[in-house]
Amino acid sequence: MSMRTFRVTVRGAFDGLTEDQRAALLADAAAHDVLRAAFTPEGTLTYDIAARPAFVFRFSATGEEEEDILEATERAEAAAEAWLTERGYGFKNLRSSAEDLSQAPLSKRQRRAARSAEA
């Protein structure tokens, strides 16, 4: 069986932050800028606390079967919750979405490369 790659996005909003917590997030904002966003096994957090209280975690995971995406999503949500809880950040409206990259449509460049390889 071939290995599947999953991308899991966990979204939410900070809730009930103290002034010190908000200041800490603002001080560390450059490290969590959307331009540094990547899907990684340990997860990447992005936010712009100066603009809005929303945040996004991006995780990558693998599995052998299509159903493994459910476990990957649960692990990603648990990891996001743990990160926030460990730092004492309140949060709300946590939701996630996941994509199985083996099911994603090929881009124009990928289709062209596949045709070239077959010829």
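**Exercise 1. Place N93 in the fold and describe its backbone and its exposure.**

Step 1: N93 sits in strand β4, residues 91-100; strands (E, at least two residues) and helices (H or I, at least four) are DSSP runs, numbered from the N terminus.

Step 2: Although N93 is not a glycine, its phi is positive, about 55°. Most residues other than glycine have a negative phi.

Step 3: N93 counts as exposed because its relative accessibility is 53%. Exposed means over 50% relative accessible area, buried under 20%, and partly exposed in between, with a 1.4 Å probe and protein chains only.

A word on the model: it is predicted, so local features need pLDDT of at least 70 and side-chain atom pairs count only at pLDDT 80 or more, while totals for chains, interfaces and linings use all residues. Residues are numbered from 1 along each chain as its sequence is written, and side-chain values use heavy atoms, leaving out hydrogens and water.

**Exercise 2. Work out the order of the elements and how spread out the protein is.**

Step 1: Count 3 helices and 4 strands.

Step 2: Reading from the N terminus, the order is β-α-β-β-α-β-α.

Step 3: The radius of gyration is 17 Å, well over the 14 Å that the globule rule gives for 119 residues, so the protein is more spread out than a compact globule. That radius is taken over C-alpha atoms, and the rule is 2.2 Å times the number of residues to the power 0.38.

Step 4: Along its principal axes, the C-alpha trace spans about 60 × 25 × 20 Å.

**Exercise 3. Find the salt bridges and say where their partners lie.**

Step 1: Apply the rule: a side-chain nitrogen of Lys or Arg within 4 Å of a carboxyl oxygen of Asp or Glu. The count comes to 3 salt bridges.

Step 2: Look at R4 and D100, paired at 2.6 Å, N to O. R4 lies in strand β1 (residues 4-14) and D100 in strand β4, so this pair ties together parts that are 96 residues apart in sequence. R4 is buried at 18% relative accessibility, and D100 is buried at 9%.

Step 3: Turn to R75 and E71, which meet at 3.9 Å, N to O. Both lie in helix α2, 4 residues apart, about one turn of the helix. R75 is partly exposed at 45%, as is E71 at 48%.

Step 4: Finish with R87 and E86, whose closest N and O atoms are 3.6 Å apart. R87 is partly exposed at 39%, whereas E86 is exposed at 64%.
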